[in-house]
Amino acid sequence: MKNSNLRKQAELISRDCIAVRVRLLNRIITNIYDTAMRPYGISLNQASILTIILITGGARYGDICRILHMEKSTLSRNIERMKKNNWIDSIKEGGSGFAVVKITPKGESVLEKAYLAWAKAQDDTLSCLGRDGANALMKLTERFWPMGTIQNK
């Protein structure tokens with residue numbers, strides 16, 4: 001390799017980059033949940049979206065993106081799949097032109113059926129991270145998780 005400085009930079013990134021470690025952890029943990037819930041035809045992303053919609057009693061796309069820190073394109077892809085599965089409906093808000101997404105009885109049913117798989121994935125993740133790791137993760141993300149302040153509609 002001609003550029004030893006570049007190699008040192010790459011080694012530093014590989015060893016110390018927080019983003020690399022968070023992305024690695026994200027892929028590992030998401031795989032645990034997705035694998036557990038796959039038999040029910042639902043992904044972790046979709047379950048997260050349905051959960052937010054259920055808790056809020058209906059939410060606008062922008063609200064879901066803000067709560068989950070999700071890109072609009074990712075949300076749109078998942079919303080379209082969930083509409084095709086009849087798990088959600090979009091309803092135009094009176095006069096505003098904004099669509100509110102509501103969960104359907106079929107969406108509630110899939111969440112209810114997948115709950116035990118989610119709980120198993122939760123246990124598996126706790127085993128993977130250890131109690132201290134899980135507690136540290138929850139503490140680290142508190143400031144980014146607004147669900148404690150969301151009012152039920």
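## Confidence in the model

Residues 149-153 have pLDDT under 50 throughout, and the model gives this stretch 10 contacts beyond four places in sequence. Where pLDDT is low, the predicted coordinates should not be read in detail. The structure is a predicted model. Over the chain the mean pLDDT is 91, and 93% of the residues reach 70 or more.

## The nonpolar core

The largest nonpolar core holds 30 residues. Within this core, the members that touch the most others are I42, I49, L50, I64, L75 and I79. Two or more residues come from each of α2 (18-37), α3 (44-56), α4 (61-68), α5 (72-84), β3 (99-103) and α6 (105-141). In soluble globular proteins, nonpolar side chains tend to be buried together.

I64 serves as an example of the packing. Leaving aside residues up to four places away in sequence, I64 touches I49, I52, I53, A59 and L75. Of these partners, I49 and L75 are also on the list of core residues that touch the most other members.

## Helix α5

α5 has 13 residues, which at 1.5 Å a residue should span 18 Å; the C-alpha atoms at its ends are 18 Å apart, in agreement with that value. The buried residues of α5 are T74, L75, N78, I79 and M82. Viewed down the helix axis, the buried residues of α5 fall within an arc of 130°, so they line one face of the helix. K72 and K84, on the other side of α5, are exposed.

Which elements cover the buried residues of α5? The cover includes α3, α4, β2 (88-92) and β3.

## Positive phi on either side of α5

H69 lies in the loop between α4 and α5. Its phi is positive, about 50°, although H69 is not a glycine. With a relative accessibility of 57%, H69 counts as exposed because the cut-off for that class is over 50%.

N86 follows just after α5, in the loop between α5 and β2. N86 is likewise a residue other than glycine with a positive phi, near 60°. At 40% relative accessibility, N86 counts as partly exposed.

## Cysteines

How many disulfides does the structure hold? The number is zero. For C17, the nearest cysteine sulfur is that of C128, 20 Å away. A disulfide would need the two sulfur atoms within 2.5 Å, so C17 and C128 do not form one in this model.

C17 is partly exposed, with a relative accessible area of 25%. C65, at 10% relative accessibility, counts as buried, because the limit for buried is under 20%.

Note on methods:
Residues numbered from 1 in each chain as written. Predicted model: local features only at pLDDT ≥ 70, side-chain atom pairs only at ≥ 80, totals over all residues. Heavy atoms only, no water. Core = buried A, V, L, I, M, F, W, Y, C linked by side-chain atoms within 4.5 Å. Buried < 20%, exposed > 50% of the residue type's maximum accessible area, 1.4 Å probe, protein only. Helix = DSSP H or I, 4+ residues; strand = E, 2+ residues; numbered from the N terminus. Contact = heavy atoms within 4.5 Å. Expected span 1.5 Å × (residues − 1). Arc of directions from axis to C-beta. pLDDT = per-residue confidence, 0-100.
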